[in-house]
Amino acid sequence: MRFAYQNPDLERRLASARTFDELEAALQEVTRLVPSFLAPGIYGRQVYCKGLDAVIPTLLGKLRLPTIELEPSNADVCVLATRFYDTGGHSKVAADICAKLGAERVTIAFTDLYRQLKYRQQINEDRATSRFPRRALVLLNAQTLIEKIIELHAILSAMRPSRILLLCNHMDIVAVTGAWAFRSVTEFIHHADHLPALGATLPFSRHVDLNYPIHMACLEAGLAPTYAAMAVQRPAAPVAPARDGRLRIATCGSLIKYRQPGRYRWVDYVRAALQAPDSELIHIGPVDDAFRAEVSTALAEAGIDPARYVYAGVVPNLMAELAARGVDVFLGSYPTSGGRANLEAMAAGLPTIVAHDPDAPPLVPDRWPLPQFTAVSAPEELPPLLARLDELSRSARSPAALASVEAQLGRFDDYIAGKALLPLEDVGTLPD
């Protein structure tokens, strides 16, 4: 299988474990794999764990946990995750799911694989304003991974959910193993698009892709995936440029997306973007002093006023921030671009430019089959593109272009509602 991660020794030890201690040690090693996935030969190149996945069904037998067949529906939904975070697309997708289904139908179960959560943290939460409306929240508290799997199986057996949405971290072997016993109603949501993820090759009731490039890979792998895209807030109208003579470029993403190795540096694209004297770049998201210093130095060396790089910080609503600042064009983070932020910009009617390194790992470049989306491969391609901004803006805001984005957003709504989704007409191919 293309894009496959292999670890024969760990696969063998998982399969051959005969004692509690042997199995627990192998399970623990699985959970510690994630940092190694940032290696150049893995990141963006390996996303399937077929060998490890093949062992998952045998774990139920080792632990004497029965498979339980249930009837699927939206009546009683369990969102099964490792945990959620304050920022990031993974947590935003979970929030969208909870909001669309409604609190009365949702239970959230956290495996707390890395022992970061406590019930005491939930006591003071205002349930009425929570990003994750739900009927109940369950935290697994068992001390070992084997006991966590047994605990999860017991909880799900008691709940008997009619739908399990598996939205766990890459190597959450507790969530994947526990959910496998309820696979008749479990849907694997493939959001780990750059890293190996347990469960992607297992035949759960549904394999759901949120990201367009990973969907191309999953189709190629024969996994019968459903492309659900993602949900973002619909704007009342496309973002209107400020029209005060200043070109406003926006970018948004977590800091790590600007610090991954690439053919160029982020500041190379910044200098190219700010060649026009009437332009400014608005950075939405967290930064630190080292990032500010790097940008300031690079701009000063190029004879560009560093004050034209504006820091907006973390904002609660990207689309509202783009509108409030009268942004003209969106520039995706580089070297790693964020799919959700790009989709929000396109939904706002903004031309969206994303830099792709020609030699980048095949699953890293963000791609969208939308008319607002333009890819560049070098900083010098930016100035002539920005010189055509009026043309790009008219195209991005055309009724046909906005309808294309709406069709993308509508897929997620239909998926959560349990409706059948039409296959995409042309998903293209991935580079070698």
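## Cavities in the model

Searching the whole structure turns up 2 cavities of 30 Å³ or more. Keep in mind that this is a predicted model. Let's take the two cavities in turn, then move on to the sheet.

## The largest cavity

The largest cavity holds about 60 Å³ of space. Its lining is made up of L166, L167, C168, N169, H170, F188, I189, H190, H191, A192, A197 and L198. If you want one element to look at here, pick β5: that strand gives the largest share of the lining, 3 residues.

What about the chemistry of this wall? Sorted by class, the lining has 8 nonpolar and 4 polar residues, with no charged ones.

## The second largest cavity

The second largest cavity comes in at about 40 Å³. Around it you'll find I249, A273, V329, F330, L331, I353, L382 and L386. Two elements, β11 (329-331) and α12 (382-387), each give two or more residues to this lining.

Which element gives the largest share of that lining? It's β11, with 3 residues. By class, the second largest cavity is lined by 8 nonpolar residues, with no polar and no charged ones.

## The seven-stranded sheet

Now for the sheet that β5 belongs to. This is an open sheet of 7 strands, paired in parallel, and the order reads β3-β2-β1-β4-β5-β6-β7. Why do β3 and β7 each have one side left without a neighbour in the sheet? Both strands, β3 (136-139) and β7 (226-227), stand at the edges and have a single partner strand each, so there is no neighbour on the other side.

Further in, strands β1 (residues 77-81) and β2 (residues 106-110) run parallel and are joined by 5 bridges. For a specific pair to click on, try V79: its bridge partner in β2 is I108.

## Helices packed on the sheet

Helix α6 (residues 173-180) packs on the sheet, where it touches β1, β4 (163-166) and β5 (186-190). The direction of α6 makes an angle of about 155° with that of β4.

Helix α7 (residues 212-220) packs on the sheet too, with β5, β6 (206-209) and β7 as the strands it touches. Here the angle is about 140°, taken between the directions of α7 and β6. So far as β5 goes, then, you can find this strand in contact with α6 and with α7, and also in the lining of the largest cavity.

Note on methods. Residues numbered from 1 in each chain as written. Predicted model: local features only at pLDDT ≥ 70, side-chain atom pairs only at ≥ 80, totals over all residues. Heavy atoms only, no water. Pairing = 2+ DSSP bridges. Helix = DSSP H or I, 4+ residues; strand = E, 2+ residues; numbered from the N terminus. Contact = heavy atoms within 4.5 Å. Axes fitted to C-alpha atoms, helices over the stretch in contact; angles between N-to-C directions. 1 Å grid on protein atoms, 1.4 Å probe; cavity = no way out; pocket = protein on both sides within 12 Å on 5 of 7 lines; lining within 4 Å. Points joined across faces, edges and corners; volume = space filled by probe spheres on them. Nonpolar A, V, L, I, M, F, W, Y, C, P; charged D, E, K, R; others polar.
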